[in-house]
Amino acid sequence: MKRSMFRNSSSLGCPPFPPKHQQQNIFFNKIPINMPSTPLSNQQITEAQVNIQNAVLSRALLNANLATAVTSPTLTYGNGSPAHTSPAPVSFRGRKRLSDQTVLYTTKRQRFDSLHCETTVVNQVVPLPEEPTCSFPSSIPSPLFTPYLPDVTACVPPLQDSSSVTEITLPVAKDKLSQQVLELFQVCQQQTCDLNKKELCRIGIQREIQRIFPQSRLFLVGSSLNGFGTRSSDGDLCLVVKDEPVNQKTEARHVLSLVQKLFSTKLSCYIERPQLIRAKVPIVKFRDKVSGVEFDLNVNNIVGIRNTFLLRTYAYIEKRVRPLVLVVKKWASFHDINDASRGTLSSYSLVLMVLHYLQTLPEPILPSLQKNYPELFDPAMQLHVIHQVPCTIPPYLSKNESSLGDLLLGFFKYYAMEFDWSHQMISVREGKALPRPDDVAWRNKFICIEEPFDGTNTARAVHEKQKFDHIKDELFKSWQILRIKKNLNYILPVRGSRRKK
């Protein structure tokens, strides 16, 4: 019998999504931001009431978390250097943040619809007033008996909630290198309070965007929700405005320009530095003033929603996956090879590299989920049910008992010595290395990593031989050092791993 891994987590990061037949195509309704209230349908009234209750409940949840904030224990590894949490981002460098500094919660959060934008300094976050402000009759009672409240504790365990949680979710370290990997993971992994902050922002921003695009939905995607997030991870948001593809150069940019205008005017006391980035997949980049979280918001990049829940399933079906991925991401960031905007590897590509390596071991630690459960990872699956997928897949029981230290060393050896970069493509979908495709999109690329759903190359940013050689050189050097020293500090100094994202 299959055992559920994510009890009560089906709605986290996912707005209530009506079935396809209930959605209307209102994509280019250019409603002015300050447009007077208009009568709403019963469905819109219900959704608006749900959104108001969600915001109030989520704010209460955040305040409770902040009151009993989880603080990372002072852990050490290797040379005994203490682990510290760095402060929050203060500037941008391309599309990559420079640091992960923490912003104190000393700013009063203004309501999105407030007419006053002055900032008041207080000692705690002020909860949103509970009276509704949307344009529907207050006499209509709410049909909601059990309001939506995300159970984030069940799906992303706290750092050390209890000894039983730690024992269930983390492997046992029997050697020094494995212990170093575990300790770094425990200090740096995203915690419940971090996820709560992002979820609260998602709910509030969705409520305001729905004043422009009433049928839109806002999804939390990426590392914040896929199980591989850190305390310094940015928030990635996908705004779905219709249930069919949009032209990213025209339609998506149009929607994002309206969103940017909303952020720059009505929400300027809540959101700062909204920037429209005209990339292949355009985004609006902004920062929440209260939580200090940086966000990237795209439009209808549906594949990002699908791969979030695919990666989330991989993250939790085997207890060694998350610590190994986090250390590889930290290592790549420290060695300046984790920035797609600067011609190196994205965090997504690094995760796929680790998953692929674990799939291709003589005794695999991970299967190919898309081969084993094709119906659950169907690219045509409706978005309003996709978040239920991780709940239906049981843990994977591998006969491979390799330690985290051995797996980390094997990862560097595989990509430094064994993988054929010139002729092979990394495929998590197939669970093995495939011959490179011969079409134009793949022909002259230095690194080929197949996106599991749309088949594109996630490493297409690596288009300079100098950057490719630098990546290979770091992999080889780290393998050589680690196999001799067996000490993580020689390839990832503890202080440096916290200075960089």
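**Exercise 1. Describe the pairing around Gln 424 in this predicted model.**

*Solution.* Gln 424 has Pro 435 of β11 as its bridge partner. The two strands concerned are β10, residues 424–427, and β11, residues 432–435. Their pairing is antiparallel and extends over 4 bridges. Next, consider the connection: β10 and β11 make a hairpin, with 4 residues between them. Within that turn, Gly 431 has a positive phi of about 75°.

**Exercise 2. Establish the strand order of the open sheet of 5 strands, and explain which strands stand at its edges.**

*Solution.* Step 1. The order reads β5-β6-β9-β8-β7, and the pairing is mixed.

Step 2. At the edges stand β5 (217–221) and β7 (271–277). Each has a single partner strand, so one side of each is left without a neighbour in the sheet.

Step 3. Direction ignored, neighbouring strands of the sheet are turned by 25° against each other on average.

Step 4. Strands of a sheet pair through backbone hydrogen bonds, in either a parallel or an antiparallel sense. Here β7 and β8 run antiparallel and are joined by 5 bridges, with Leu 276 standing opposite Val 284 in β8. Strand β8 (residues 283–288) also pairs with β9 (residues 294–299), in the antiparallel sense, over 4 bridges. Arg 287 stands opposite Glu 294 in β9.

Step 5. Both connections are hairpins: 5 residues lie between β7 and β8, and 5 residues lie between β8 and β9. In the turn of the β8–β9 hairpin, Gly 292 has a positive phi of about 80°.

**Exercise 3. Determine which helices pack on this sheet and how β8 is covered.**

*Solution.* Step 1. Helix α5 (residues 192–209) packs on the sheet and touches β5, β6 (235–240), β7, β8 and β9. The direction of α5 makes about 160° with that of β5.

Step 2. Helix α8 packs on the sheet as well, touching β5 and β6. The direction of α8 makes about 45° with that of β5.

Step 3. Turn to the residues of β8: 6 of its 6 residues are buried. One side carries Ile 283, Lys 285 and Arg 287, and the other carries Val 284, Phe 286 and Asp 288. Both faces of the strand are therefore covered, all of these residues being buried.

**Exercise 4. Classify the ring pairs of Tyr 414 with Tyr 415 and with Phe 419.**

*Solution.* Step 1. A pair of aromatic rings is described by the distance of the centres and the angle of the planes.

Step 2. The structure holds 15 aromatic pairs. One of them joins Tyr 414 and Tyr 415, with 4.8 Å centre to centre and 80° between the planes. An angle over 60 degrees counts as edge-to-face, so this pair belongs to that class.

Step 3. For Tyr 414 and Phe 419, the centres are 6.0 Å apart and the planes stand at 55°, so the pair is tilted.

Step 4. Burial is judged against a limit of under 20% relative accessible area. Tyr 414, at 11% relative accessibility, therefore counts as buried, and Tyr 415, at 1%, counts as buried too. Phe 419 is likewise buried.

Step 5. Tyr 414, Tyr 415 and Phe 419 belong to one aromatic cluster, whose members include Trp 331, Tyr 357, Phe 411, Phe 412, Trp 421, Phe 446 and Phe 468.

**Exercise 5. Place Tyr 415 within the largest nonpolar core.**

*Solution.* Step 1. The largest nonpolar core has 108 residues. Among them, Phe 263, Ile 305, Leu 358 and Tyr 415 touch the most other members.

Step 2. Helix α8 (residues 302–317) gives the most to this core, with 10 residues.

Step 3. Leaving aside residues up to four places away in sequence, Tyr 415 touches Met 353, His 356, Tyr 357, Trp 421, Ile 426 and Leu 475.

**Exercise 6. Summarise the protein as a whole.**

*Solution.* The secondary structure comprises 16 helices and 11 strands. Of the 501 residues, 55% are buried. Among contacts with a separation of 6 or more, 72% are between residues 24 or more positions apart.

Conventions. Residues are numbered from 1 along each chain as its sequence is written. This is a predicted model: local features need pLDDT of at least 70, side-chain atom pairs count only at pLDDT 80 or more; totals for chains, interfaces and linings use all residues. Side-chain values use heavy atoms; hydrogens and water are left out. Rings of Phe, Tyr and Trp (its six-membered ring) pair if their centres lie within 6.5 Å; planes under 30 degrees apart count as stacked, over 60 as edge-to-face and the rest as tilted. Buried means under 20% relative accessible area, exposed over 50%, partly exposed in between (1.4 Å probe, protein chains only). A nonpolar core is a set of buried Ala, Val, Leu, Ile, Met, Phe, Trp, Tyr and Cys residues joined through side-chain atoms within 4.5 Å. Contact means heavy atoms within 4.5 Å. Two strands pair if DSSP finds at least two bridges between them. Axes are lines fitted to C-alpha atoms, for helices over the stretch in contact, and angles run from 0 to 180 degrees between N-to-C directions.
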